[in-house]
Each structure stands twice: as C-alpha cells, then as structure tokens.
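Trainee: Could you go through this one with me? I have a few questions as we look at it.
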Amino acid sequence: MNNCVNIVLGKEEITLKINEQVQYSEIEECLKEKMPELKKLYQDEKTPIFVTGKVLKNAEMDKIREIIRENIEVEIEFDSPEVLGLHGIRKAFSEEIKSSQTKFHRGSLRSGMKLEYEGSLVIMGDVNAGAEVIAGENIVILGNLRGVAHGGAKGNKNAIISAVKIESPQIRIANIVKELEKALEENVKTYAYVKENEIILE
C-alpha cells in the first residue's frame with residue numbers, strides 16, 4: 001500500500017509517481033496517508049506538483065486535486081491527457097511517441113467503412129462496430145472505438161491507439177493482436193500500447 005504513491009523532490013517540481021498496477025481506490029487511500037509527508041515539504045514556497053505514472057480518468061484527477069488542495073494550495077499538473085490528442089499525451093512509454101504525418105477525419109465511421117493512412121490518424125467521431133481503421137503510425141479517436149483498429153501497421157511497435165473509450169472486440173499494433181472482452185463501466189480503457197511484445201490497455 002505504501003508504494004502506491006511515491007514522492008520525488010525535484011529542483012522545479014515535486015513529482016507524485018503513482019504505481020500503474022494498483023486500483024484507484026488504493027491510490028486515494030495511499031495519497032491521504034502520504035499527505036503529512038507531503039505537507040512537510042512545503043514551508044514558504046509552493047513548488048508545483050506533477051502527478052505521473054498511472055493514467056487517470058478526469059474524475060479521478062479531480063478527486064486527487066481535491067485531496068491535495070484540502071491540505072496545500074498548490075498548482076497541480078497531470079500527465080494524463082484531459083483532452084485527447086497526440087501532443088496532449090506526456091506519458092513516458094519505452095520510447096517517445098514519434099512525430100509523423102497526420103490525417104484528420106471528420107465524422108464517425110459506420111459499419112462497413114474502412115479508413116487507411118500511412119501516417120497517424122485522428123478521427124473526430126466514433127468508430128462504430130463493423131468499421132475498420134488502419135494506420136502506419138498512431139490512431140487517436142475523439143470518440144468511442146467499437147470497430148477494429150490496427151496501429152503501427154508497417155511494424156511500428158511504438159505506435160499507440162487512443163480513444164475516449166475502447167470497446168473494440170480486437171485491436172492490433174504492428175504484428176501483435178489482442179482480443180478484448182467487454183469492459184465494465186468502471187474499468188474503461190482509453191489507450192493501448194505495446195510493452196514486452198504484448199498490447200497493454202489502460
């Protein structure tokens with residue numbers, strides 16, 4: 001439990017590193033236990049706090065802000081993207097997300113539709129069941145993913161797939177395939193990446 005949240009003191013900010021493997025309920029409890037330790041670091045100056053590690057939902061970020069600001073009035077920043085987009089993701093993967101040519105598609109994809117592009121794809125809408133998206137690089141969906149998505153189609157295992165909610169039966173990154181079970185509402189997945197030759201959803 002004590003390793004859920006680690007406090008790292010830096011020159012310009014204090015980092016709260018959240019263990020990616022723990023459930024949010026444990027994080028909240030651990031953070032409350034860590035508050036006395038965190039308060040000791042604040043005397044006259046108000047060093048900004050940067051929360052990193054586990055990607056959080058907006059409601060979870062709001063609750064963490066509330067817990068901290070009940071004790072310390074301080075600026076708090078998260079690496080979890082509040083607005084989806086390739087440049088809004090600060091999370092450190094095994095390698096940084098590479099820049100690439102990006103195509104924007106306005107509107108949702110209906111069943112039977114197929115969209116392909118050699119670079120990255122940003123879809124401003126939903127990808128419905130029966131639709132397919134294939135990109136040589138990253139796929140970012142500003143809506144729900146219910147169809148099939150294949151990122152890094154040319155073999156790029158550093159590609160990511162990101163959506164407001166991933167409800168797809170299957171996703172692919174490079175040559176790696178992952179079948180998905182229907183997620184419970186409280187266990188919503190929003191992005192996928194490859195780690196140790198396996199697709200991870202968080």
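Trainee: Where is Asp 79 found?
Mentor: In this predicted model, Asp 79 is found in the loop between β4 (76-78) and β5 (102-106).

Trainee: And is Asp 79 buried or exposed?
Mentor: Asp 79 is buried, since its relative accessible area is 3%, and the cut-off for buried is under 20%.

Trainee: How far apart are Asp 79 and Thr 52 in sequence and in space?
Mentor: The two are 27 residues apart along the sequence, while their C-alpha atoms are 5.4 Å apart in space.

Trainee: Changing topic, how many disulfides does the structure hold?
Mentor: The structure holds 0 disulfides.

Trainee: Why is there no bond for Cys 4?
Mentor: The closest cysteine sulfur to that of Cys 4 is in Cys 30, and because the distance is 4.4 Å, it is too far for a bond; a disulfide needs the sulfur atoms within 2.5 Å.

Trainee: What about the burial of those two cysteines?
Mentor: Cys 4 counts as buried at 3% relative accessibility, and Cys 30 is buried too, with a relative accessible area of 0%.

Trainee: Okay, cavities now: how many of 30 Å³ or more does the structure hold?
Mentor: There are 2 cavities of 30 Å³ or more, and the second largest holds about 30 Å³ of space.

Trainee: Which residues line the second largest cavity?
Mentor: Its lining is made up of Val 5, Leu 16, Ile 18, Ile 27, Leu 31, Val 51 and Ile 64, which divide into 7 nonpolar, no polar and no charged. β2 (14-18) and α1 (24-40) each supply at least two residues of that lining.

Note on methods. Residues numbered from 1 in each chain as written. Predicted model: local features only at pLDDT ≥ 70, side-chain atom pairs only at ≥ 80, totals over all residues. Heavy atoms only, no water. Helix = DSSP H or I, 4+ residues; strand = E, 2+ residues; numbered from the N terminus. Buried < 20%, exposed > 50% of the residue type's maximum accessible area, 1.4 Å probe, protein only. 1 Å grid on protein atoms, 1.4 Å probe; cavity = no way out; pocket = protein on both sides within 12 Å on 5 of 7 lines; lining within 4 Å. Points joined across faces, edges and corners; volume = space filled by probe spheres on them. Nonpolar A, V, L, I, M, F, W, Y, C, P; charged D, E, K, R; others polar.
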